[in-house]
Amino acid sequence: MALKTSKDGTDLVATPQHWWKEAVIYQIYPRSFKDSNADGIGDLRGIISKLDYLQLLGVDVLWLSPIFASPNTDNGYDISDYQAIMTEFGSMADFDELLAEAHGRGLKVILDLVVNHSSDEHRWFEEARKSTQNPYRDYYIWRDEPNNWQSFFSGSAWELSAETEQYYLHLFAKKQPDLNWESPALRQEIYTMMHFWLGKGVDGFRMDVIPFLSKDPLFPDYPPGRFGDLIIHANGPRIHEFLQEMNHQVLAHYDCLTVGEGFGVAAHQANLYVGHNRQELNMIYHFDHAVPREEACFGQPAPEFTLPELKTIFARWDAAVGHSGWQNIYFGNHDNPRVLSRFGGSGSHRVAAAKMLATVLLTQRGTPSIYQGDELGMTNCGFENVGEFDDIQVKNAYKVLVMSGSVREVDFLKAANQIARDHARTPMQWSALAHAGFTDGHQTWLKVNPNHATLNAEDQLSDPDSVFNYYRQLLQIRRKTPALIYGTYQDLLPQHPQVWAYVRQYEGRSVWVFCNFAETEIAVDLLVDNPKVIFGNKAGTDVKNNKLILSPFEAQIFGQ
Ligand code: NOJ
């Protein structure tokens, strides 16, 4: 049991230690990671072929975005069989081999648990839609009349099912009907399925839109103008009962990692999910700093956060769960454009900025997730026309906004080039070869970013100053620096417009982090006596009269 350290160095309250707090997660989007059979789609054997790379990087846990049977309306987030592998990705034997090979290298594997909805091609839904008397009917949510809820992928959240002339709920695509967690039989099916995977040896789950499982039984209309206000769908009346039941019946039987996608959870509600004594989830990740992507944003994207706003979000969440619960820290995932294109300036300092962002990601309090390719400093990909996008969200928004004439095509394209999820989904850039070495085939399911000629893993592995090698070294430093894992977090310059500076303290040891988020040099008070440089993205720190001069996108970590 570790002790929490107060600002003056005294130990206050016991903080439980767990392997999952010390771990670093690496998210794999299997479709885009590595193709082994030349069909242009990533697969499980492709992942196996890159396990040495991931071991070298030094991450601990691999989160695989959905690998299950799916018609791929939403690239695997529409599951038609929770206990079968997607045909394009391989077979169960491939999965078993992947798990064994990962474990053999000391890497854990967590799967994506997508149980707010299934695919409409799931056997349960195919049965349920047949008649109101079907035994599977109440696995889904049916109404005689729709309310005014909108789908996150445009249009009404209700679809008429011709067989019974009732509407079913789908908060996402029409082909993703919402499961009815009020049904005890449905819940037992899900728990049995979770035991199946955990029994095979998987090490936990990332849980898709988990705060949405419990719906308001009255299905009230939105108040006018509230579309996009996620609070409406999240944190329903029985959510904590369901999660405690899931924990009791499944999770508590394994030493596993659970990370909930905390869509719609506000910081003050987070401990209900992750508080140490709640017996629900280990950690969640929030959306407060995510890129807004609701339909209207494709007409005119929301302005980007200022640095003080961003810092306020991180401080708020740390204050809410840093000690009494736990959170998952991320900048990139498969639902956000590339972080480097958001916060990395014009691109003229790409390498420094990628390393600076890695520094923040890996030194906050919480379990970090690295999104595939961010360890190389991958960037957004210029999409030249709407046809180049794959994502259902882009396609549906296009139909509603552009085809109806309310947004000009040129404006839509500009917005999509800022906010679309496809930026994170372009194939991994393994080399400068054709298709970035992602496939030996003749095509890829989504365009490859042309910058792979100069931005790829092969070049970076042999360059000691590469973004990849910076991540690798920083991961090693994090592992052996308890203050970076369990230490308290204090923002030192919350209002500073260009520098993010904070201190982490643990058992009398302090670590200071200074990051310059701009393309201009800046001097700040060093705030540390006799600092010892631990690590940074620039050799040699520049200190004059107790001022630290930070060059563009410089990051420095100090200890004493
Ligand atoms: C959240 C996932 O992260 C996203 O990719 C997906 O589209 C929705 N949930 C629906 O499953």
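Start by colouring the protein by its domain assignment: domain 1 takes in 2–116 + 179–336 + 363–380 + 391–475, domain 2 is 123–169, and domain 3 is 489–559. These bounds come from an automatic or database domain assignment. Taken over C-alpha atoms, the centres of domain 2 and domain 3 are 55 Å apart.

Before going on, note that this is a predicted model, in which local features need pLDDT of at least 70 and side-chain atom pairs count only at pLDDT 80 or more, while totals for chains, interfaces and linings use all residues. Residues are numbered from 1 along each chain as its sequence is written, and side-chain values use heavy atoms, leaving out hydrogens and water.

**Stop 1: the ligand**

Select the ligand and its shell, meaning residues with a heavy atom within 4 Å of it. You should find 13 residues, the closest being Asp74, His117, Asp208, His334 and Asp335. The shell divides into 4 nonpolar, 2 polar and 7 charged residues; here Ala, Val, Leu, Ile, Met, Phe, Trp, Tyr, Cys and Pro count as nonpolar, Asp, Glu, Lys and Arg as charged, and the others, Gly among them, as polar.

Which side chains place a polar atom 2.9 Å from an oxygen atom of the ligand? Show His117 and His334. Then add Arg421, where a polar side-chain atom lies 3.0 Å from a ligand oxygen atom. On its own the ligand has 300 Å² of accessible area, and the protein covers 97% of that (Shrake-Rupley method, 1.4 Å probe).

**Stop 2: the second largest pocket**

Next, select Trp20, Asn247, Gln279, Leu281 and Asn282. The second largest pocket holds about 370 Å³ of space, and those five are the closest to its centre among the 18 residues that line it. Its lining divides into 8 nonpolar, 7 polar and 3 charged residues.

On a 1 Å grid over the protein atoms alone, a pocket is an open set of points with protein on both sides within 12 Å along at least five of seven lines, a cavity is a set where a 1.4 Å probe fits but cannot get out, and lining residues have an atom within 4 Å of a point.

Stay on Gln279 for its backbone: phi is near 55°, a positive value in a residue other than glycine. Gln279 sits in the loop between α8 (267–274) and β13 (283–285). For another case, go to Asn235, with a positive phi of about 60°, in the loop between β11 (204–207) and α7 (239–249). Most residues other than glycine have a negative phi.

**Stop 3: the cavities**

How many cavities of 30 Å³ or more are there? The count is 6. The largest cavity has about 60 Å³ of space, and its lining includes Phe331, Leu361, Tyr371 and Tyr471. Both α11 (350–363) and β15 (367–371) give two or more residues to this lining, which divides into 8 nonpolar, 2 polar and 1 charged.

Note on methods. Grid points are joined across faces, edges and corners, and a volume is the space filled by probe spheres set on the points. Helices (H or I, at least four residues) and strands (E, at least two) are DSSP runs, numbered from the N terminus. A polar contact is a pair of N or O atoms within 3.5 Å; within protein, one must be able to donate a hydrogen and the other to accept it, and residues adjacent in sequence count only if both atoms are side-chain atoms.
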